[in-house]
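Me: I would like to learn how to read a structure that I have not seen before. Could we go through it feature by feature?

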Amino acid sequence: MLSIASSELIQIFRNRLVLITSLIIPFAVCAFFVRQHETYAAIGSLGYIAAIVVFTVAAFGLYATAVTTLASRRQNLFLKRLRSTAEGDAGILAGLLLPVLLLAVVQVTAILTALAVVAGGPANVALLVVAVLATVAMMIGLALATAGLTNSPEHAQVTTLPVTLGVIAMASWVGISGTENLAWLKRLLPGGAATELTMNAWNGGVAVTDSLLLLAPTLGWVVVAVALASRLFRWEPRR
Amino acid sequence: MSTTPVIEVERLNLTYGDFHAVKDLSFEVRPGELYALLGTNGAGKTSTLEVVEGHRRPTSGTVRVFGHRPDDRRAVRPRMGVMLQESGFSPDLTVRESVGLVGRLTRRTDDVDRVLDLVDLTGRAGRKVSQLSGGEKRRLDFATAVYGTPELIFLDEPTTGLDIQSRDAVWTTVDRLRENGATIVLTTHYLEEAQQRADRIGLMHEGAFHREGTVSELTRTLPAVIRFSLPAPAPALPVRAAVDADGKVTVETFELQKDLHLLLGWAQDHAVELRDLAAGPTRLDDVFRAINS
C-alpha cells in the first residue's frame, strides 16, 4: 500500500494540472477568505470561514482530485495492472487515496492555523478535528461513488460539479443563514450538518453533546456513499 | 518435478448478459509446459485468460492455480507474472519507478537494473513511460512479468509491435526461464511462434475448444503441402495435384516424404526444373483456416 502511495505522490507533483486543482486553487480561495476574515465574519461568523475552508479543500483538493485520479488510473489500465499483483483491492484504493488525503489534511490544518493566528482560535479543537475527519470521510466516500460514474479524467470535470458546488453552497447557506429555519433540511443535505458542527466547534456556545448529534447525518452520508461506491465502482474501463 | 497441474480449469462458463463467451471449457497446464491458448477473434481466449489470471469471476465452473482460487492474490500472485495485452502503466512514472513499483507489489525480490537489462531498457530507465515507443512499452510489460523469476508466466500477445531483435530477445529470456522450470501460458497471433515453441495448444472457436493437443496432433489431421511452378509443356505428374493457369502446382498429401521422393525422381528423369519448390508440414495457419471451412 505504501509503495502505491509513494508512487502516487510522485505522480501528483509531476502532473501540473493535478497540482493546480488540488493544491493551488483551494489554497488561493482559502487565503482570500482568511485575509478578508473581518468581512466574512460580519456576514456569518468566524466559524463560517472555518467551514468554507474545510469544504473548499475537501471539495477541490480531496474530492475532485480523488475522482480525477481514480478515473485516470482506470482509463490507462493502471488499476488493472495493480490488480495483477499480490496487493488486495482495499490496499490499492488506500494507496491511491492516501497522498490526496494527507495533502488535504495538511492544507486544512495549515489554513485553519493561519485563521486562528490572525483572528483567534477555535472554542473546541477536539470537536473541530472530529468535524474535519467526518467531512473528509464523507468526501472520500462520495469520491469513490462518483468515480464509478466517471469514464475519464476529462469527464470528471463534469461529474464532480454537483457535489463540489453542492457542498460549498450548503456550507454558505448554513454558514450565513444559520439553522433556525429549515433546520432538518439543512442538516440532512450533504455538508449541512458538517458545516454546523464546524461552526459550533469554532464559535463555541453550543453543548458538545448537541453538537455530536450533528455527526449522524454526515456519517449517514458516508454509509450511503460507500454503498453507492460498492455498486458503481469499476476497476476496468467500459468496453 | 511435481506433476500436479499448475492450472486446472473445469467446465468453465462465462456469460456477459445473454452472450455465452466461454462454454464448458476444461483444460490443464502442467508444470514446465508452454501452453498456447489460440483462437479466432472473439473465440473467448481473452475471457478465459482473464478468469485464470484472476481478473474476472467465472459464471460457473472451477479454476485452480497452484491449487488456489485465482483471485486469492496473496497466495497466487507472488508465484506468477502477468504480461497484459495492453500496458497499463502510469505515464508520469519513469521506467525504473514502474518496474520497481509493480515488482515490489508482486512480493517477489529482484534487482530492477537486472530486469531492465534483460529487456534492453537500461538506457531508458530514467524516461517517463509516456515517452516510450509501443515496442518499448511491451518490453516494460514483459520486464514486470518476469521480475523475480516467477514459476508461472502469462504472456498475452507478448511480441505484438516488437521488432525482430526484441522478439528474439523476449524468446531468449522465455527459453532461459523455461530451462529453470517455469510454466508459460501464451496467447499470440503469430502462429509460427506457437508452432515452434508450444508443448500443447488449445485452439478455441466460439467459446469452446475446436481442438486441443500437441502441434503435431493438431496438424496431423490436415495434409502437408508441396508447391512449385512448372514450365509448360510438362509430362504428366506422378502424383495427384492441382495446377492453375500460371503453371503453379499444389500437391496436398498425407505422405509428404513418399510423394516428395516421387516428384523429385520424376523431375530428375524428365529433366524438369521445379521452380520455387517448397514443401513442409501442415502449418497452424492451415489448421486455423480449416476451422470455418
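Reply: We will take the overall makeup, a helix pair, the cores, the chain contact and some single residues in turn. Keep in mind that this is a predicted model.

Me: Let us begin with chain B. How many helices and strands does the secondary structure of chain B have?
Reply: A count of elements gives the outline of a chain. Chain B has 10 helices and 13 strands. Along the principal axes, its C-alpha atoms fill a box of roughly 70 × 45 × 40 Å. Of its 293 residues, 38% count as buried. Among contacts in chain B with a separation of 6 or more, 66% link residues 24 or more positions apart.

Me: At what angle do helix 4 and helix 7 of chain A pack?
Reply: For a helix pair, read the angle and the distance between the axes. Helix 4 (residues 46-75) and helix 7 (residues 125-148) of chain A pack at about 30°, and their axes are 9 Å apart. Angles under 35 degrees count as roughly parallel, so these two helices of chain A, 4 and 7, are roughly parallel to each other. The crossing of helix 4 and helix 7 of chain A is right-handed.

Me: Which residues of helix 4 and helix 7 of chain A meet?
Reply: On the helix 4 side they include Val54(A), Ala58(A), Leu62(A) and Tyr63(A), and on the helix 7 side they include Val132(A), Met139(A), Ile140(A) and Ala143(A). By class, this contact has 15 nonpolar, two polar and no charged residues.

Me: How many residues does the largest nonpolar core have?
Reply: A core is read from its size and its best-connected members. The largest nonpolar core has 137 residues, and those with the most contacts inside it are Val53(A), Ala58(A), Leu62(A), Tyr63(A) and Ala143(B). Helix 4 of chain A gives the largest share of this core, 20 residues. Leaving out residues up to four places away in sequence, Val53(A) touches Cys30(A), Phe33(A), Val108(A), Ile111(A), Leu112(A) and Leu115(A). A second, separate core of five residues includes Ile226(B), Phe228(B), Val251(B) and Leu263(B).

Me: How many residues of chain A are in contact with chain B?
Reply: For two chains, count the residues on each side. Here 18 residues of chain A are in contact with 23 residues of chain B. Helix 1 (2-14) and helix 5 (78-83) of chain A each supply at least two residues to the chain A side. By class, that side has five nonpolar, eight polar and five charged residues.

Me: Why is helix 1 of chain B described as largely enclosed?
Reply: Look at how many of its residues are buried. In helix 1 (residues 45-53) of chain B, eight of the nine residues are buried, so the helix is largely enclosed by the rest of the structure. Among the buried ones are Lys45(B), Leu49(B), Glu50(B) and Glu53(B). Just after this helix, Gly54(B) has a positive phi of about 95°.

Me: Which residue in the loop between helix 9 and helix 10 of chain A should I look at?
Reply: Backbone angles can be checked residue by residue. Leu182(A) lies in that loop, between helix 9 (161-177) and helix 10 (183-188) of chain A. Its phi is positive, about 50°, although Leu182(A) is not a glycine.

Me: Is Arg11(B) buried or exposed?
Reply: Count the neighbours. Arg11(B) has 12 other C-beta atoms within 10 Å, so it is exposed. Arg11(B) is in strand 1 (residues 7-16) of chain B, and its phi is near 45°, a positive value in a residue other than glycine.

Technical notes:
Residues are numbered from 1 along each chain as its sequence is written. Chains are lettered from A and ligands numbered from 1 in the order in which they are written. This is a predicted model: local features need pLDDT of at least 70, side-chain atom pairs count only at pLDDT 80 or more; totals for chains, interfaces and linings use all residues. A residue is buried if 20 or more other C-beta atoms lie within 10 Å of its own, exposed if 12 or fewer, and partly exposed in between; C-beta atoms are placed from the backbone. Two residues are in contact if their C-beta atoms, placed from the backbone, lie within 7 Å. Axes are lines fitted to C-alpha atoms, for helices over the stretch in contact, and angles run from 0 to 180 degrees between N-to-C directions. Angles under 35 degrees count as roughly parallel, over 145 as roughly antiparallel, 65 to 115 as roughly perpendicular and the rest as oblique. A crossing is left-handed if the near helix is turned anticlockwise from the far one by less than a right angle, and right-handed if clockwise. Ala, Val, Leu, Ile, Met, Phe, Trp, Tyr, Cys and Pro count as nonpolar, Asp, Glu, Lys and Arg as charged, and the others, Gly among them, as polar. A nonpolar core is a set of buried Ala, Val, Leu, Ile, Met, Phe, Trp, Tyr and Cys residues joined through C-beta atoms within 7 Å.
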